[in-house]
Amino acid sequence: MYSSLLTSCLLSSSYCPRCLNKSKKFGARRVLIRTLILFLVCFTALSVLKLGLFLDLVGATTITLMTMLLPSVFWLFMQASAKKREDLIKMGQVQQNSPDVETASLADVWYYTPKMLLAFNIISLSKSIGTSGRTDRQTDNLH
């Protein structure tokens, strides 16, 4: 299923060039690259003995990352960036109507985020990292 989806995405001349802002000109280089990627996907699928277990592991870790970890990390950085911008406006280093291009660093997140909120996020992130693979093993034992 995954290889056919990847193959159709790679071989579709209307999808990939628009996403990558490449020209739609047909050439030998394009055919060679797509053929090489197709063979790499087929080689990987055939060489991994238990591909389903590998895909389960990758899926379990990426779903946890996308649904639990990254949103809270992004929120922390966005809040720190907004508070940093407010401070820069108060100090006169940034104009009120200027574009918002200020980004927060990890030190800014530490400085601008209340410590109780930061502690809660660190605890929840560590718990979700620790339990990401455990749910798949528990459901495998039930079957």
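Is Tyr111 buried or exposed? At 60% relative accessibility, Tyr111 falls in the exposed class; its surroundings come up again in Figure 4. Everything shown in these views comes from a predicted model.

**Figure 1. The whole protein is built from helices, with seven of them and zero strands.** Going along the sequence, the pattern reads α-α-α-α-α-α-α. The protein has 143 residues, and 20% of them are buried. As for how the chain meets itself, take the contacts between residues at least 6 apart in sequence: 51% of these join residues at least 24 apart.

**Figure 2. Helix H3 has a buried side and an exposed one.** H3 runs over residues 28-47, so that's 20 residues by the helix assignment. From first C-alpha to last, H3 reaches 28 Å, close to the 28 Å you'd expect at 1.5 Å a residue. Which residues of H3 are buried? They are Arg30, Arg34 and Val41. These three sit on the same side of H3 because they cover an arc of only 25° around the axis. The general rule behind this kind of view is that an α-helix has 3.6 residues a turn, so residues three or four places apart point the same way. Turn to the other side of H3 and the exposed residues are Ala28, Arg29, Leu32, Leu36, Phe39, Phe43 and Leu46.

**Figure 3. A salt bridge joins Asp108 and Lys84.** The structure holds one salt bridge, and this is the pair, with the closest N and O atoms 3.1 Å apart. It links distant parts of the chain: Asp108 belongs to helix H5 (residues 106-112), Lys84 belongs to helix H4, and 24 residues separate them. In general terms, side chains of opposite charge can pair when their charged atoms come close. Are the two partners buried or exposed? Asp108 is buried, at 14% relative accessible area. Lys84 is buried as well, at 19%, and it makes the class because the cut-off is under 20%.

**Figure 4. Two tyrosines, Tyr111 and Tyr112, form an aromatic pair.** The count of such pairs comes to one. Their ring centres are 4.8 Å apart and their planes meet at 85°, so the pair is edge-to-face; the angle is over the 60 degrees that this class asks for. The partners part ways on accessibility: Tyr111 is exposed at 60%, whereas Tyr112 is buried with a relative accessible area of 16%.

**Figure 5. Lys115 lies over the face of Trp110.** How far is Lys115 from the ring centre of Trp110? The distance is 4.8 Å.

**Figure 6. Ser72 is a buried residue of helix H4.** H4 spans residues 51-91, and Ser72 has a relative accessible area of 15%, so it counts as buried. Which residues touch Ser72 once its neighbours within four places in sequence are left aside? Asn121 and Leu125 are the two in contact with Ser72. H4 also carries Lys84, the salt-bridge partner from Figure 3.

How values were computed: Residues are numbered from 1 along each chain as its sequence is written. This is a predicted model: local features need pLDDT of at least 70, side-chain atom pairs count only at pLDDT 80 or more; totals for chains, interfaces and linings use all residues. Side-chain values use heavy atoms; hydrogens and water are left out. Helices (H or I, at least four residues) and strands (E, at least two) are DSSP runs, numbered from the N terminus. The expected span of a helix is 1.5 Å times one less than its number of residues. Buried means under 20% relative accessible area, exposed over 50%, partly exposed in between (1.4 Å probe, protein chains only). The arc is that of the directions from the helix axis to the C-beta atoms. Rings of Phe, Tyr and Trp (its six-membered ring) pair if their centres lie within 6.5 Å; planes under 30 degrees apart count as stacked, over 60 as edge-to-face and the rest as tilted. A charge sits over a ring if NZ of Lys or CZ of Arg is within 6 Å of the ring centre and within 35 degrees of the ring normal. Contact means heavy atoms within 4.5 Å. A salt bridge is a side-chain nitrogen of Lys or Arg within 4 Å of a carboxyl oxygen of Asp or Glu.
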